[in-house]
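These are my notes from looking through one structure. I wrote them down in the order in which I looked things up.

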Amino acid sequence: MNEILFIVSILINFIGIIIAYKVFKKTGLFVWVAISTIIANIEATKCIDMFGISVTLGNVVYSTVFLATDILSEIYGGQEARKAVKIGFFSMLIFTLLTQIDLLFIPNEQDIVNDSMHTIFSFMPRFCFASVVTYVVSNTLDTYLYDIIKNKLPEDKFLWVRNNGSTMISQLIDSILFTLIAFVGIYSWKVIINLTIVTYLVKLVVAVLDTPFIYIAKRIDTKSI
């Protein structure tokens with residue numbers, strides 16, 4: 001069941017990005033980045049079993065940030081893609097700050113959600129730091145790598161190389177950085193390595209599957225000219 005939902009989730013996310021771009025152009029992609037960073041942080045609190053391995057939710061929607069910035073890099077340039085990264089960073093900080101303030105409010109006797117909010121939003125400072133650092137580093141790296149590959153190869157060809165090359169490298173850095181910052185000293189190196197590999201494999205699958213959708217976005221841009 002989880003495997004089917006995984007595929008459905010991927011399709012909904014990718015189709016959502018295309019609709020956002022089709023209707024709102026780059027503004028839609030900026031909004032997508034902001035929303036997906038918030039949703040990914042919430043979904044990451046849930047752990048599931050899928051294909052015989054344990055993973056956290058959030059990997060799919062978080063990975064779509066890379067597709068959004070790749071579309072921005074391809075059509076509007078690296079500067080606009082890096083602006084989207086900054087928007088996502090700002091969204092993540094504000095989300096974290098406001099949710100932590102919300103937890104400080106004393107609920108009344110009729111409240112039924114306070115305990116659930118604490119369960120979901122009581123982030124460990126170390127995890128918050130790991131999330132922010134890896135987001136900024138990996139997504140910024142992705143935009144620069146995309147520009148480098150685009151400048152080295154013919155712009156009218158090798159779109160799949162730009163998309164997959166930049167995303168696969170930056171996602172690898174993302175997975176390594178997060179597990180190191182978040183789990184060194186908590187888990188053994190064997191567990192940390194396994195977590196890194198599993199997390200990266202999930203992101204790698206999403207990166208490969210998003211390839212047709214950047215071609216769709218490119219086609220939408222060509223038709224709009």
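**Entry 1. Salt bridges.** I began with charged pairs in this predicted model. How many salt bridges does a search of the whole structure find? The search gives six. I looked at some of them one by one.

I took the pair Glu74 and Arg162 to start with; their closest N and O atoms are 2.9 Å apart. Glu74 belongs to helix α3 (residues 59-75) and Arg162 to helix α7, so this salt bridge ties together parts that are 88 residues apart in sequence. I then checked the cover on each partner. Glu74 has a relative accessible area of 4%, so I noted Glu74 as buried. Arg162 has a relative accessible area of 1%, and I noted Arg162 as buried too.

Next I looked up Lys203, which forms a salt bridge with Asp174, with 2.4 Å between the closest N and O atoms. Lys203 sits in helix α8 (residues 189-209) and Asp174 in helix α7, so the pair ties together parts that are 29 residues apart in sequence. Lys203 is buried at a relative accessible area of 4%, and Asp174 counts as buried at 3% relative accessibility.

The pair Lys83 and Glu80 lies within one helix. Both residues are in helix α4 (residues 78-104), three residues apart, which is about one turn of the helix. Their side chains meet in a salt bridge of 3.5 Å, N to O. Is Lys83 buried, exposed or partly exposed? Its relative accessibility is 39%, so Lys83 counts as partly exposed. Glu80, at 13% relative accessibility, counts as buried. I also found that Lys26 joins Glu80 and Lys83 in a network of salt bridges.

**Entry 2. A charged residue without a salt bridge.** Side chains of opposite charge can pair when their charged atoms come close. I then looked at Asp70, which lies in helix α3. Asp70 is buried yet has no salt bridge. Which side chain of opposite charge is nearest to Asp70, and how far away is it? I found Arg162, 9.0 Å away. A salt bridge needs the nitrogen within 4 Å of the carboxyl oxygen, so the pair Asp70 and Arg162 does not count as one. I listed what Asp70 touches, leaving out residues up to four places away in sequence: Asp142, Tyr146, Asn163, Ser166, Thr167 and Ile214.

**Entry 3. Helix α3.** I stayed with the helix that holds Asp70. Of the 17 residues of α3, 16 are buried, so I wrote α3 down as mostly covered. I compared its length with the expected one. At 1.5 Å a residue, α3 should span 24 Å, and its end C-alpha atoms are 25 Å apart, which agrees. After α3 comes Gly77, with a positive phi near 105 degrees.

**Entry 4. Helix α8.** I ran the length check on α8 as well. Its 21 residues should span 30 Å at 1.5 Å a residue, and the end C-alpha atoms are 30 Å apart, which agrees. I noted the buried residues of α8, among them Ile192, Thr196, Tyr200 and Lys203.

**Entry 5. Thr179.** I looked up Thr179, which lies in helix α7 (residues 159-183). Its relative accessibility is 3%, so Thr179 counts as buried. What does the side chain of Thr179 reach at 3.1 Å? I found the backbone oxygen of Ile176 there. The side chain of Thr179 also makes a polar contact with the side chain of Thr196, at 2.7 Å. Apart from neighbours within four places in sequence, Thr179 is in contact with Val184, Ile192, Leu195 and Thr196.

**Entry 6. The hairpin.** I turned to strand β1 (residues 47-50). Which residues of β1 make up its covered face? They are Ile48 and Met50, while Cys47 and Asp49 make up the uncovered face. In a regular strand the side chains alternate between the two faces of the sheet. β1 runs antiparallel to strand β2 (residues 53-56), and four bridges join them. Asp49 has Ser54 as its bridge partner in β2. The two strands form a hairpin with two residues between them, and Phe51 in the turn has a positive phi of about 55 degrees.

**Entry 7. Leu104.** My last look was at Leu104, which lies in helix α4. Leu104 has a relative accessible area of 70%, so I put Leu104 down as exposed. The C-alpha atoms of Leu104 and His118 are separated by 9.7 Å, and the two residues are 14 residues apart along the chain.

Terms used: Residues numbered from 1 in each chain as written. Predicted model: local features only at pLDDT ≥ 70, side-chain atom pairs only at ≥ 80, totals over all residues. Heavy atoms only, no water. Buried < 20%, exposed > 50% of the residue type's maximum accessible area, 1.4 Å probe, protein only. Pairing = 2+ DSSP bridges. Polar contact = N/O pair within 3.5 Å; in protein donor to acceptor, adjacent residues only side chain to side chain. Contact = heavy atoms within 4.5 Å. Expected span 1.5 Å × (residues − 1). Lys, Arg positive; Asp, Glu negative; His and termini not counted.
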